[in-house]
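Please find below my notes on the model, set out as numbered points for discussion. They deal with charged pairs, aromatic rings and nonpolar packing.

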Amino acid sequence: MSWRRGRRLLPWLFAAAVLGLLFARLPRDQVERALAAGPFGELAALAAAMAAVALLADAAATHAAFTRIGVPRPFGQLVLARGATYLLGLLHPAAGQGALSLYLLRTGAEPGRAVAAVLLVFATQLGAMALVAAGGMLLAAGTAGLRPPWEGFPALALLLGVFGACLAVLRLRPRWLARWRLLAPLFAAGASGFLAATLARVPHVLSMVLGLWLGLRLWGVALPPAQGLVLLSAVLLVTSLPLAPAGLGTTEAALVVLASPYAPGGGVAARQSLVLAFCVLYHLLGLAAQAVAGLICLALLPRSAKPLAEPAGPGAAA
């Protein structure tokens with residue numbers, strides 16, 4: 001096996017290792033009982049509905065980001081394109097973003113702006129997760145179960161600091177960065193464009209948080225809303241790391257650690273087994289829903305994605 005082919009398998013091997021470790025350390029019979037007793041039908045319906053909502057919210061946020069960069073695309077076409085990229089995202093963490101760049105190139109985008117647009121989508125997704133988590137921390141400040149803001153959450157504070165630094169850099173436009181052709185569209189969009197695109201991404205993040213929160217409640221895990229904003233945003237941050245396909249394994253590990261204290265049960269192992277059973281099932285149902293939506297979008301996209309004229313807008317390369 002060549003190194004290149006083996007490297008493609010690394011995310012899957014990492015996901016398998018994490019899941020194997022989780023199942024090895026928890027009682028197998030308790031996980032199986034939790035799976036057997038769970039509301040499978042209701043969870044499947046929820047996963048399908050939330051996958052559709054998340055796709056629409058994702059397309060709307062992506063449309064806002066592309067417009068700020070200067071590569072606007074019709075919203076209906078973008079829904080199909082974003083759904084189609086989910087298929088590749090299931091195979092490799094970075095494949096979905098690469099497919100989004102390819103879509104922009106196929107529809108007439110200049111390469112520099114296509115790359116800048118995808119960078120903006122990724123950056124605003126991280127920023128929106130941090131904003132949602134910070135909002136949850138402020139709502140939950142002083143309540144039982146969470147410490148005061150920032151205490152115990154250094155990673156979130158760091159992420160918000162990076163987000164603020166990005167805004168400052170885009171505002172100040174240092175010459176040694178602004179002269180890079182690849183970054184020119186980002187600087188042309190400016191701090192206001194970056195902030196607007198981040199705020200447009202918040203509904204997408206909230207839809208993913210809501211899906212997890214509703215699923216946990218359906219499974220019997222009574223996670224309070226404010227704590228859910230914080231903890232589930234942290235789960236999404238872990239999931240977004242390019243370590244495993246579609247966050248497989250990393251999502252389960254983060255949820256078991258963060259959500260199990262709110263699960264019913266007499267012991268730590270029982271609570272963690274309940275959360276693991278939920279997460280594996282909900283994750284797989286969500287991936288299946290994404291795959292079905294992706295296949296439908298991919299079938300419709302070739303008739304929709306036609307080259308568009310590249311407008312001269314604020315994201316024009318310098």
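1. Does D58 count as buried or exposed, and at what relative accessibility? The model is a predicted one, and in it D58 has a relative accessibility of 2%, so the residue counts as buried, the limit for that class being under 20%. Its partner R82 is buried as well, with a relative accessible area of 5%.

2. The side chains of D58 and R82 meet in a salt bridge, with an N to O distance of 3.2 Å. This pair links distant parts of the chain, since D58 belongs to helix α3 and R82 to helix α4 (residues 75-91), 24 residues apart. D58 also meets the side chain of R201 in a salt bridge, here at 2.6 Å from N to O, and this pair joins helix α9, which holds R201, to helix α3, which holds D58, across 143 residues. Both R201 and D58 are buried, and through shared partners the salt bridges join D58, R82 and R201 into one network.

3. A search of the whole structure finds four salt bridges, and one of them is placed in a quite separate setting, between E32 and R28, with 2.9 Å from N to O. These two residues are four apart in helix α2, so about one helical turn separates them. E32, at 43% relative accessibility, counts as partly exposed, whereas R28, at 66%, counts as exposed.

4. Turning to the rings, a search of the whole structure finds two aromatic pairs. W219 and F278 have ring centres 6.0 Å apart and planes at 50°, so this pair is tilted. Because W219 lies in helix α9 (residues 184-219) and F278 in helix α12 (residues 268-304), the pair ties together parts that are 59 residues apart in sequence. Both W219 and F278 are buried.

5. The other pair, F278 with Y282, is stacked, with 5.4 Å from centre to centre and 20° between the planes. F278 and Y282 both lie in helix α12, four residues apart, which is about one turn of the helix, and both are buried. W219, F278 and Y282 thus form one aromatic cluster.

6. Two members of that cluster reappear in the packing: in the largest nonpolar core, which has 42 residues, F278 and Y282 are among those that touch the most other members, together with L43, L216, L232 and L255. At least two residues of this core come from each of α1 (3-25), α2 (28-37), α3 (40-69), α6 (111-140), α9, α10 (225-240), α11 (250-259) and α12. The largest share, ten residues, is supplied by α12.

7. For L232, leaving aside residues up to four places away in sequence, the residues touched are V209, L212, W213, L216, L223, Q227 and L255. A second core, separate from the largest one, has 35 residues, including L80, L100, L104 and L167.

8. A last point concerns V292, which is also placed in helix α12. At 49% relative accessibility V292 counts as partly exposed, in view of the limit of over 50% for exposed residues. The C-alpha atoms of V292 and Y86 are separated by 9.9 Å, although the two residues are 206 apart along the chain.

Conventions
Residues are numbered from 1 along each chain as its sequence is written. This is a predicted model: local features need pLDDT of at least 70, side-chain atom pairs count only at pLDDT 80 or more; totals for chains, interfaces and linings use all residues. Side-chain values use heavy atoms; hydrogens and water are left out. Rings of Phe, Tyr and Trp (its six-membered ring) pair if their centres lie within 6.5 Å; planes under 30 degrees apart count as stacked, over 60 as edge-to-face and the rest as tilted. Buried means under 20% relative accessible area, exposed over 50%, partly exposed in between (1.4 Å probe, protein chains only). A nonpolar core is a set of buried Ala, Val, Leu, Ile, Met, Phe, Trp, Tyr and Cys residues joined through side-chain atoms within 4.5 Å. Contact means heavy atoms within 4.5 Å.
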